[in-house]
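Look at the fold below and follow it strand by strand, then helix by helix. The report starts with a sheet, moves to a helix and a core, and ends with two loops.

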Amino acid sequence: MLSLSQMLGNVSKAHFQSPDDWARSVTDVLRDAAIYHQAGNGFYRAQCDALGVDPAAINDINDLQDLPLLPIGMFKRPDAQVLLTCSLADVETETSSSGTRGAPSLARRNSETVTRALVGLIGTYREFFSLSGGAGLFLNPSDPEVSEMGLLKDFNILNSVFDDHAYLVADQAFDAREALEQLRRWKGHMIRHIVCPPFVVGRLLRFLEQENFNVRLDPYSMIITLGGWKRHTAETIPAEGFRERCHDLLAVRPGNVRDMYGMIESNMLAVECHLHRKHVPPWCYISIRDPDQIGKELAPGETGTIAVLDALNTSYPGFLLTDDVGDVETGTCGCGRTGQIINFRGRGPGGGLGHCPVSIERYLGSETGKDR
Ligand SMILES: [Zn+2]
């Protein structure tokens, strides 16, 4: 079994635990996190009390589904600071996103959470991409719907493993020629990689097709995507066809086209192995919920609302009910890694706020809430 520090110190080892050790390790780190937030966060304690849940009683991985969840829509509220376990003065970063619908979401992180998340992300990138050196072409959309600060931050950390990089703004007027020119400048000197949301790669591929250009990147080049298609859903290319086109038009091996899944409110970033299966980090647990009965966890393989439990966060409870829909698989992947695989299937209808046992209004109106 591994502690949280041991997982962060050796991300690779944590991904290759035996299935039993994985279950015990993830249960332990999440139980400790829940105890921490229950003790230090009145709002979360009120949720535990309302559900009659004692985090200290969590003993088995099947008990994790009992933990109260914070609906992700709460992070859009102006009074979202009630979600914090740390004090506002301890907040180091405020990450905001306009998200896919409605008001911006604001995720606040203290320095301990930022440090843990950075260490976890670097370990994860190195585990899955084995990148060391080379050049990264970052195609960042300025589109406010996509240019989530969290997404860009995740990419910036990835940048630290490259020898050279270039940022291009890839908005509606995305200049594919400029991107190709940059790739040409690195040719023969460095292994070239492309990092951006999938719809930007889609535009680059369309340009190559229209202009009948033939670009050959390098044998070990990677295309790394994050962020979904969001409002560009009309341009969506199914994953397999997308990888085939990357191979045909950019000569990137399909195994080196890797997608990731995450959201700014969580430190959880699931990254594809070479078999294109998105591995949940060993310090996180995904619980798939019945949309009609949110307290009920669905069995592996069944599709429902995605809940993310993350042990890294000390700024607020990292136990979130998302608006996304998907399913999980548990066991040993063909790549040898254990734990959970997440399959993101799309956006749900949202509006999960009603699923919180004690609303922010009720909490702030109560005696306990007034003490804050
Ligand atoms: Zn795998």
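Strand E14 (residues 319–332) and strand E15 (338–347) run antiparallel, joined by nine bridges. Strands and helices here are DSSP runs, numbered from the N terminus: at least two residues (E) for a strand, at least four (H or I) for a helix. Two strands pair if DSSP finds at least two bridges between them. One bridge sets Asp324 against Arg347 in E15. Five residues separate E14 from E15 in a hairpin. In its turn, Gly336 has a positive phi of about 100°. E15 also pairs with strand E10 (residues 278–279), antiparallel, over two bridges. There, Lys278 stands opposite Ile342.

This is a predicted model: local features need pLDDT of at least 70, side-chain atom pairs count only at pLDDT 80 or more, and totals for chains, interfaces and linings use all residues. Residues are numbered from 1 along each chain as its sequence is written.

Now the helix. H3 covers residues 19–40, which is 22 residues. The expected span is 1.5 Å times one less than the number of residues. For H3 that should be 32 Å, and its end C-alpha atoms are 32 Å apart, so the two agree. Its buried residues include Trp22, Val26, Leu30, Ala33 and His37. A residue is buried if 20 or more other C-beta atoms lie within 10 Å of its own, exposed if 12 or fewer, and partly exposed in between, with C-beta atoms placed from the backbone. What covers the buried residues of H3 includes helices H1 (4–9) and H4 (42–51), and among the strands E11 (284–290) and E15.

Which residues touch the most other members of the largest nonpolar core? They are Leu30, Cys284, Ile286 and Leu309, out of 93 residues. Such a core is a set of buried Ala, Val, Leu, Ile, Met, Phe, Trp, Tyr and Cys residues joined through C-beta atoms within 7 Å. H3 gives the largest share, seven residues. The core lies between domain 1 (4–89 + 269–370) and domain 2 (119–261), because both give residues to it. Domain bounds come from an automatic or database domain assignment.

Two residues other than glycine have a positive phi.

| Residue | Phi | Loop between | C-beta neighbours inside 10 Å |
|---|---|---|---|
| Ser130 | near 45° | H5 (111–129) and E4 (135–140) | 10, exposed |
| Ala251 | about 60° | H9 (239–250) and E8 (257–262) | 14, partly exposed |

Terms used:
Contact = placed C-beta atoms within 7 Å.
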